[in-house]
Amino acid sequence: MDGVIVVDKPEGWTSHDVVGKVRGIVGGRGRAKTKVGHLGTLDPIATGVLPLVIGRATRLAQFYTRSDKIYEGTIRLGWATTTYDRAGEPLGEPGEYHIDAEELERHLEKFRGKILQTPPAVSAKKIDGRRAYELARKDIAVELDPVEIEVYELTVLAIDGAEVRLRAHCSGGTYMRSIAHDLGQSLGCGGHIAELRRIASGEFGIAQARTIAQLESLAACDRLIDAIVPAAAMLPAFPAVFVDDAAVSDIRQGRNFAASPFRSQPAAKYVKAVSHRGELVAIGEAVLPNIYHPLVVL
């Protein structure tokens with residue numbers, strides 16, 4: 001099984017918890033031990049789309065490091081927290097806050113487009129080889145550099161007193177917790193994420209997602225393959241080049257392969273070499289017009 005399983009992550013689980021659970025499901029009942037990795041973490045309080053790469057498809061994770069994300073979530077105004085979400089300790093006295101749509105839009109505008117965002121101190125960012133959250137939890141001062149992100153959409157779905165429900169489409173590396181915290185600072189009242197659900201990550205959407213219980217049920221019926229997005233269907237932005245058996249052998253030995261200009265875009269930097277059986281053989285990188293070098297071989 002080489003491909004992706006899209007999990008609907010439950011609240012309270014870490015991404016590592018989900019990887020471990022799915023590794024057990026995939027490798028259960030006498031199946032061979034299989035590699036499992038994720039394509040971007042979700043915080044424990046968050047739910048929704050968590051794509052897991054399975055088997056040889058783990059080699060494709062490098063192409064998903066900056067995948068766009070879509071979230072729906074609720075920001076609670078009135079106080080900030082140490083983690084920028086409801087799991088943290090309040091910073092200051094919690095209070096009530098009411099905002100109208102017009103004022104909210106004025107403050108949200110500064111969070112749209114390309115902006116510099118400082119990640120939360122309690123995050124998985126590394127400082128001298130250590131995770132920031134490990135240092136923060138030991139009361140070691142953490143200073144993270146701002147990172148450029150892009151917020152393509154930030155839409156208000158509802159306002160209910162101090163709670164603001166938003167939909168956000170953003171670049172990889174964006175922290176919704178930081179948007180909540182920074183919005184609270186901009187308003188002068190404090191704010192944090194109260195609820196967050198990821199609707200999409202890259203090409204993977206919530207409609208494809210399976211709960212842990214659903215995956216366990218499929219595995220019990222030997223139908224886990226039904227939950228797999230095949231490796232050849234991954235990275236749809238990369239044109240597919242169909243190669244014969246001789247070319248497959250060459251590719252597996254690291255030799256360049258040709259792509260017909262009628263089968264792929266001449267300017268494509270990457271293509272997917274796919275066998276006539278529909279299996280993904282490699283990701284090729286352009287070295288000459290219509291000539292590709294196998295960058296990743298499955």
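This briefing describes how selected strands, a helix, nonpolar cores and aromatic rings are arranged in one structure. The model is a predicted one, and the values below are computed from it. The largest nonpolar core has 45 residues, strand β12 is largely enclosed by the rest of the structure, and a search of the whole structure finds zero disulfides.

**Nonpolar cores**

- The largest nonpolar core is built from 45 residues, and those with the most contacts inside it are I5, V7, V22, L52, I54, L77 and L215.
- If residues up to four places away in sequence are left aside, V22 touches I5, V7, V36, L52, I54, I212 and L215.
- Apart from this core lies another one, which has 22 residues and includes V49, A57, A209 and I283.

**Strand β12 and its partners**

- Strand β12 covers residues 191–201, and because nine of its eleven residues are buried, the strand is largely enclosed by the rest of the structure.
- With strand β3, which spans residues 47–54, β12 pairs in the parallel sense over two bridges, and here T47 stands opposite R197 of β12.
- With strand β4, which spans residues 69–77, β12 runs antiparallel, and nine bridges join the two strands; K69 has S201 in β12 as its bridge partner.
- With strand β13, made of residues 204–205, β12 pairs in the antiparallel sense over two bridges, and S201 stands opposite F204 in that strand.
- β12 and β13 form a hairpin that has two residues between the strands, and in this turn G202 has a positive phi of about 60°.
- As general background for reading such strands, the side chains in a regular strand alternate between the two faces of the sheet.

**Helix α5**

- Helix α5 runs over residues 212–220, and its buried residues are I212, L215, L218 and A219.
- These buried residues cover an arc of only 125° around the axis, which means that they sit on the same side of α5.
- The general rule behind such a pattern is that an α-helix has 3.6 residues a turn, so residues three or four places apart point the same way.
- On the other side of α5, A213 and A220 are exposed.
- The buried residues of α5 pack against β1 (3–9) and α1 (15–26), and one of them, L215, is also among the residues with the most contacts inside the largest nonpolar core.
- After α5 comes D222, which has a positive phi near 55°.

**Aromatic pairs**

- The structure holds five aromatic pairs, and one of them is formed by F63 and F238, whose rings meet edge-to-face at 5.6 Å centre to centre with 90° between the planes.
- Because F63 lies in the loop between β3 and β4, while F238 lies in the loop between β14 (228–230) and β15 (240–243), the pair ties together parts that are 175 residues apart in sequence.
- Both F63 and F238 are buried, and ring pairs link F63, F238 and Y270 into a cluster.

**Cysteines**

- Zero disulfides are found when the whole structure is searched.
- C189 counts as buried because its relative accessibility is 14%, and the cut-off for buried is under 20% relative accessible area.
- C221, by comparison, is partly exposed, with a relative accessible area of 49%, since residues count as exposed when this value is over 50%.

Notes: Residues numbered from 1 in each chain as written. Predicted model: local features only at pLDDT ≥ 70, side-chain atom pairs only at ≥ 80, totals over all residues. Heavy atoms only, no water. Core = buried A, V, L, I, M, F, W, Y, C linked by side-chain atoms within 4.5 Å. Buried < 20%, exposed > 50% of the residue type's maximum accessible area, 1.4 Å probe, protein only. Contact = heavy atoms within 4.5 Å. Helix = DSSP H or I, 4+ residues; strand = E, 2+ residues; numbered from the N terminus. Pairing = 2+ DSSP bridges. Arc of directions from axis to C-beta. Phe/Tyr/Trp six-rings, centres within 6.5 Å; stacked < 30°, edge-to-face > 60°. Disulfide = S-S within 2.5 Å.
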